[in-house]
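Subject: Structure handover

Dear colleague,

I am passing on the structure that we spoke about, and below it I have set out what was found. Please read the notes with the model open beside them.

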Amino acid sequence: MKKQLSASILSANPLFLNETLNTLTANGITRLHFDVMDGHFVPNIAFGPHLISSIKNQYPNTEIDCHLMIYPNDAIINAFIKTMPHSIIFHIESCENILSWLKKVPKTIKTGVAIKPGAIPQSLYTLLPILDIVLIMTVEPGFGGQKLIPEQIEIIQSLHHNRTKNHHKFSIMVDGGINRQNAKSIIESGADIIISGADLTQPAEKIPEKIRTFHHILS
Ligand code: DX5
Ligand code: ZN
């Protein structure tokens, strides 16, 4: 599987969002990561369905992943499904019956499960055969610009090992604190898709050269 860099726009300057998106996509970014935060599941608020569908219309060839950090999901999930993103990713910790949430998503949208830092919850293992994506958090969810928790590397390795052993098909996505210094070790641990926010988008003027460096590491 080809390794991919996904751009999180959480730390981008919202007043220049379209310029940033233009720069990202013009310089080879094919995947965007949207953090959806409710001020309850995580102590921050970010990005709703209206922004996601507007960006999807403007950049139709870019894959959009919706990383839902909300609880409960009930009231809002249909609005995100309507935006028809590439994928919807639920936090395992925010769903009492994760399987029923995964089943609500139409087959045209990929599904994923995100897990907070710490041991892999037992309940994830039974889902692995049906998931498209497992997102391993390498920071506590809620904010961009945090430092990667190095203990999470073992979690990525263990999931990668499990996938190989059981011939599972899901992609491993890693999110939080990824920069040009640590990206190589995350890829070597078994990640297929790395997400970068603060390091990639701040300062905005350096985005093209930073994408080149990331892509060099991924190649
Ligand atoms: C954290 C978010 C991450 C974040 C990544 O809750 O889920 O996606 O935006 O940004 P950096 O790379 O700044 O940690
Ligand atoms: Zn995220």
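Which residue in S8 is the bridge partner of valine 134? That partner is isoleucine 172. Please keep in mind throughout that this is a predicted model.

The pairing just mentioned belongs to a set of strands that I would look at before anything else. Strand S7, residues 133-137, is joined by five bridges to strand S8, residues 171-175, and the two run parallel. S7 also pairs with S6, again in the parallel sense, over four bridges, and within that pairing isoleucine 115 has isoleucine 136 of S7 as its bridge partner. S7 is mostly covered, with five of its five residues buried. Its two faces can be told apart by their side chains, since Ile133, Leu135 and Met137 lie on one side and Val134 and Ile136 on the other, and all of them are buried.

Strand S5, residues 87-91, can be described in a similar way, as it too is mostly covered, with five of its five residues buried. Ser87, Ile89 and His91 point one way from this strand, while Ile88 and Phe90 point the other way, and all are buried. S5 runs parallel to S4, to which it is joined by four bridges, and one residue pair to look for is aspartate 65 with its bridge partner in S5, serine 87.

The next item is the metal site. The zinc ion (ligand 2) has as its protein donors His33 (NE2), Asp35 (OD), His67 (ND1) and Asp175 (OD), which lie 2.0 to 2.3 Å from the ion. Why is the arrangement called octahedral? The reason is that the six donor atoms around the zinc ion (ligand 2) subtend angles of 71 to 168°. Along the sequence, the donor residues follow the spacing H-x1-D-x31-H-x107-D. Distant parts of the chain are linked by the pair of histidine 33, in strand S2, and histidine 67, in strand S4, which are 34 residues apart. Both histidine 33 and histidine 67 are buried.

Two pockets are also worth opening in your viewer. The largest pocket has a volume of about 310 Å³, and of the 28 residues that line it, Gly144, Gly145, Gln146, Gly176 and Gly177 are the closest to its centre. Strand S2 (31-38), strand S4 (63-69), strand S9 (193-196) and helix H8 (198-201) each supply at least two residues of that lining, which divides into 11 nonpolar, 13 polar and four charged residues.

The second largest pocket has a volume of about 230 Å³, and among the residues that line it are Leu99, Leu102, Lys103, Pro106, Ile130 and Asp132. Helix H4 (98-104) and strand S6 (110-115) each supply at least two residues of this lining, and the largest share, three residues, comes from H4. By type, the lining of the second largest pocket divides into seven nonpolar residues, one polar and four charged.

Finally, there is a single residue to check, threonine 213, which lies in helix H9, residues 207-218. Threonine 213 counts as partly exposed because its relative accessibility is 35%, a value between the limits of 20% for buried and 50% for exposed. The C-alpha atom of threonine 213 is separated by 7.1 Å from that of arginine 180, although the two residues are 33 apart along the chain.

With best wishes

Key
Residues are numbered from 1 along each chain as its sequence is written. Chains are lettered from A and ligands numbered from 1 in the order in which they are written. This is a predicted model: local features need pLDDT of at least 70, side-chain atom pairs count only at pLDDT 80 or more; totals for chains, interfaces and linings use all residues. Side-chain values use heavy atoms; hydrogens and water are left out. On a 1 Å grid over the protein atoms alone, a cavity is a set of points where a 1.4 Å probe fits but cannot get out, and a pocket is an open set with protein on both sides within 12 Å along at least five of seven lines; lining residues have an atom within 4 Å of a point. Grid points are joined across faces, edges and corners, and a volume is the space filled by probe spheres set on the points. Ala, Val, Leu, Ile, Met, Phe, Trp, Tyr, Cys and Pro count as nonpolar, Asp, Glu, Lys and Arg as charged, and the others, Gly among them, as polar. Donors are N, O and S atoms within 2.8 Å of the metal (3.2 Å for Na, K and Ca); water is not among the atoms, so sites may look incomplete. Four donors count as tetrahedral if all angles lie between 85 and 135 degrees; four count as square planar and six as octahedral if opposite donors are over 155 degrees apart and all others between 65 and 115; anything else is irregular. Buried means under 20% relative accessible area, exposed over 50%, partly exposed in between (1.4 Å probe, protein chains only). Two strands pair if DSSP finds at least two bridges between them.
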